[in-house]
Amino acid sequence: MMFFQRFLLITTVAVTTSSLEPTRYDLAHYLLRESNYDHSFPPDTNNITNVSVQLDITDLNSESDKDREIEFSLYLRMNWTDRRLDFTENKTTYDIIPLGDDIVNSLWIPDLYFIEERNSLLHGLLTSNQLAFIHKNGDVFYSGRFDIKAHCVMSFKKYPFDEQSCEISIQSYALSTDYLLLHWVGKNAVDIACNEDTFIFEDTPQSKATEYRNNYPYVGSFSTLTTSIRFKRPRGSYFTMVVVPPVFVVIIALTSFLLGENVSPRITIPTGALTQLFVNWAGVHNRLSFDSTMDLFDAWMIGNISFVGFILFVNAMICHCKYKKVVFIEIFQIIFFT
């Protein structure tokens, strides 16, 4: 009898407790209600909020030498603590509240942007690809999937055997270092796991993450995170497309010496080869920005053009001298043998 009473008491308490426990939905809306939570202000205006950032670059979509841009897809992940969302005093059996896109925008989220950014897009089909987790102690985890098109400072002095280094910098737009500090998450804060076959650069791009403070006149100092993505072109394909064609054009120009006394092809072939070299040279420059300097490639093309020009000059001199000799012989025969 005593055992049955104890069992009934425990069962009653458990049922009563479970019925009083708020659901995650109710608790999330309770914590984020407008009368208690203002997502337009940082967690603590009297203290600095530390935000940890991680970038997971999943795909380098494209690269434009002409516009000096790279486009890539990434997961942006952030962690920070918001004491206003602490629910340790609520007697709940769960430690995490997951939030989907429909309620994530009710949270305070750091107003980060990419300094080199020219265009950005948050992925989404039916809903935006973003989520957040609120931990019991007020820690917040955010994750979003983005497409970023960013400016890249490029140098083409060693084109097509150049290596490019594109800097990606992240910074808060409105919150200075008095309110917000950014930090990379550990040594592997920037992870590049893209498929090499989908990008025109060979080898796995390498990155180096650093932290510093950027000072602006009148507005103050802002915490900045930067990483440099370094990559190089596939030398095999560019050697075939850029280096090999001029060699064949020069060889074709050299065949003009094998045409004997045929004046017309001896002049036409080097002239056509010279024209083709200028077209190839202009075609490569057309794929680049107008202010690009290409010391290595330009020297290569000038060398080929000079060589073909020399072939054309030699052929012209040979034809000219032979023509003068023929005319002189004909005049001599007319004068002395008629």
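These exercises work through a helix pair, two pockets and two backbone features of a predicted model.

**Exercise 1. The helix pair**

Determine how helices α4 and α5 run relative to each other, and which residues join them.

*Solution.*
Step 1. Locate the helices: α4 covers residues 235-254 and α5 covers residues 263-286.
Step 2. Take the geometry. The packing angle is about 170°, and the axes lie 9 Å apart.
Step 3. Apply the cut-off. Angles over 145 degrees count as roughly antiparallel. The two helices, α4 and α5, are therefore roughly antiparallel to each other.
Step 4. Add the hand: α4 passes α5 in a left-handed crossing.
Step 5. List the contact. From α4 come Pro245, Pro246, Val249, Ile252 and Ala253. They meet Ile269, Pro270, Ala273, Gln276, Leu277 and Asn280 of α5.
Step 6. Sort the contact residues by class. There are 9 nonpolar, 2 polar and no charged residues.

**Exercise 2. The largest pocket**

Find the volume of the largest pocket and describe its lining by strand and by class.

*Solution.*
Step 1. The space in the largest pocket is about 290 Å³.
Step 2. Its lining has 17 residues. Closest to the centre are Leu76, Pro110, Leu112, Tyr142 and Phe146.
Step 3. Assign strands. At least two lining residues come from each of β2 (69-81), β4 (112-114), β5 (117-122) and β7 (139-151).
Step 4. Count by class: 12 nonpolar, 3 polar and 2 charged residues.

**Exercise 3. The second largest pocket**

State the volume of the second largest pocket, then name and classify the residues that line it.

*Solution.*
Step 1. The volume is about 160 Å³.
Step 2. The lining consists of Pro43, Asp44, Asn47, Ile48, Thr49, Asn50, Thr81, Asp82 and Arg83.
Step 3. By class, this lining holds 2 nonpolar, 4 polar and 3 charged residues.

**Exercise 4. Two backbone features**

Locate the cis peptide bond and the residue other than glycine with a positive phi, Arg68.

*Solution.*
Step 1. The cis bond joins Tyr159 and Pro160, with omega about 5°.
Step 2. Place Pro160: this residue sits in the loop between β7 and β8 (163-172).
Step 3. Turn to Arg68. Its phi is near 55°.
Step 4. Place Arg68: the loop between β1 (49-64) and β2 holds this residue.

How values were computed: Residues are numbered from 1 along each chain as its sequence is written. This is a predicted model: local features need pLDDT of at least 70, side-chain atom pairs count only at pLDDT 80 or more; totals for chains, interfaces and linings use all residues. Side-chain values use heavy atoms; hydrogens and water are left out. Axes are lines fitted to C-alpha atoms, for helices over the stretch in contact, and angles run from 0 to 180 degrees between N-to-C directions. Helices (H or I, at least four residues) and strands (E, at least two) are DSSP runs, numbered from the N terminus. Angles under 35 degrees count as roughly parallel, over 145 as roughly antiparallel, 65 to 115 as roughly perpendicular and the rest as oblique. A crossing is left-handed if the near helix is turned anticlockwise from the far one by less than a right angle, and right-handed if clockwise. Contact means heavy atoms within 4.5 Å. Ala, Val, Leu, Ile, Met, Phe, Trp, Tyr, Cys and Pro count as nonpolar, Asp, Glu, Lys and Arg as charged, and the others, Gly among them, as polar. On a 1 Å grid over the protein atoms alone, a cavity is a set of points where a 1.4 Å probe fits but cannot get out, and a pocket is an open set with protein on both sides within 12 Å along at least five of seven lines; lining residues have an atom within 4 Å of a point. Grid points are joined across faces, edges and corners, and a volume is the space filled by probe spheres set on the points.
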